[in-house]
Amino acid sequence: MSDKYDANRDRVLQVAAELFAKSGYHGTGIADLGTAVGLGRGALYHYIGSKEAILYEISSRQLAQMNTVADELALSEADPEKRLRGLARALMRNIAEHRAEWTVFFREYHALTDERRDRIIVERERYESHWRNALEQGIRDGHFRVLPRLMVKGLLGMFNYSYLWITPLGAETPEEIADEFLDAVIIGMRA
């Protein structure tokens, strides 16, 4: 596809994310989106296909980006604590810079159906496994004590909830906040 097509599609997705974050997936109609981006229904469908396709694209893009970061860290960072810090810093930065998309993901991905929903769940679980692997390696290496099975869910919940309040230009950077969160948790996890 052309650069113009990609730019227009990205704009449609960004505006859709903002509308879905503000009014909800079910509370936003295709006509609302068309008006917001200045496109008629036919042109809009040229870029997005269906409303559910938009929701899937919004939900999957940031998750895919975080899985890419996690895959790279798994290959490049042997130290489990440093890998956790890399995961945490990248996640907080991404949430801060893409709040609308993460708001849509956390609040609306359950509206996806069938294969799209299943793919999101698989990718979310793949991302969580990177955190779990780092914690389990830290336990095996003697850095962390044995932790409850749901520790990854609790740890990610602490970071994920930040979509409600974090900004990329706050008094502390997203990376500083990630380090503070991890510092508090790692003290309790140390062997």
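Here are some short exercises on this structure, each with a worked solution.

This is a predicted model, so local features need pLDDT of at least 70, side-chain atom pairs count only at pLDDT 80 or more, and totals for chains, interfaces and linings use all residues. Residues are numbered from 1 along each chain as its sequence is written, and side-chain values use heavy atoms, with hydrogens and water left out.

**Exercise 1. The overall picture**

Work out which secondary structure elements the protein chain has, and how many of each.

Step 1. Count the elements: the protein chain has nine helices and zero strands. Here helices (H or I, at least four residues) and strands (E, at least two) are DSSP runs, numbered from the N terminus.

Step 2. Read along the sequence, and you get α-α-α-α-α-α-α-α-α.

Step 3. Put a box around it: along the principal axes, the C-alpha atoms fill roughly 60 × 40 × 30 Å.

Step 4. Look at burial. Of the 191 residues, 45% count as buried (buried means under 20% relative accessible area, exposed over 50%, partly exposed in between, with a 1.4 Å probe and protein chains only).

Step 5. Check the contacts, meaning heavy atoms within 4.5 Å. Among those between residues at least 6 apart in sequence, 75% join residues at least 24 apart.

Step 6. Add the surface: about 9,900 Å² is accessible, and 53% of that belongs to carbon and sulfur atoms. These areas come from the Shrake-Rupley method with a 1.4 Å probe; for residues, only the protein chains shown count as cover.

**Exercise 2. An enclosed helix**

Explain why helix H6 (residues 99-108) is described as largely enclosed by the rest of the structure.

Step 1. Do the tally: seven of the 10 residues of H6 are buried, so the helix is largely enclosed.

Step 2. Name the buried ones: Ala-100, Glu-101, Trp-102, Thr-103, Val-104, Phe-105 and Glu-108.

Step 3. Find what they pack against, which is H1, H4, H5 and H7.

**Exercise 3. A lysine without a salt bridge**

Find out what surrounds Lys-51.

Step 1. Place Lys-51: it lies in helix H4 (residues 51-76).

Step 2. Look for a charged partner. Lys-51 is buried yet has no salt bridge, and the nearest side chain of opposite charge, Asp-32, is 7.3 Å away. For the bookkeeping, Lys and Arg count as positive and Asp and Glu as negative, while His and the chain ends are not counted. A salt bridge is a side-chain nitrogen of Lys or Arg within 4 Å of a carboxyl oxygen of Asp or Glu.

Step 3. Try the backbone instead: the oxygen of Tyr-25 lies 2.7 Å from a polar atom of the Lys-51 side chain.

Step 4. List the contacts. Leaving aside neighbours within four places in sequence, Lys-51 touches Phe-20, Tyr-25, His-26, Thr-28 and Ile-30.

**Exercise 4. Salt bridges, far and local**

The structure holds 15 salt bridges; go through the three pairs below.

Step 1. Asp-10 and Arg-61 pair up at 2.9 Å, N to O. Asp-10 sits in helix H1 (residues 3-23) and Arg-61 in helix H4, so the pair ties together parts that are 51 residues apart in sequence. Both ends are partly exposed: Asp-10 at 36% relative accessible area and Arg-61 at 33%.

Step 2. Arg-85 and Asp-179 meet at 3.3 Å, N to O. Since Arg-85 is in helix H5 (residues 80-97) and Asp-179 in helix H9, this bridge ties together parts that are 94 residues apart in sequence. Arg-85 counts as buried, at 13%.

Step 3. Glu-128 and Arg-132 meet at 3.8 Å, N to O. They are four residues apart in helix H7, which means about one helical turn separates them. Glu-128 is buried at 9%, whereas Arg-132 is partly exposed at 26%.

Step 4. Look for shared partners: salt bridges join Glu-81, Arg-85, Arg-89, Asp-179 and Asp-183 into one network.

**Exercise 5. An unusual phi**

Determine the sign of phi at Asp-114, and whether the residue is buried or exposed.

Step 1. Start with the background: most residues other than glycine have a negative phi.

Step 2. Compare Asp-114, which has a positive phi of about 45° although it is not a glycine.

Step 3. Place Asp-114: it belongs to helix H7 (residues 114-140) and is exposed, with a relative accessible area of 63%.

Terms used
Polar contact = N/O pair within 3.5 Å; in protein donor to acceptor, adjacent residues only side chain to side chain.
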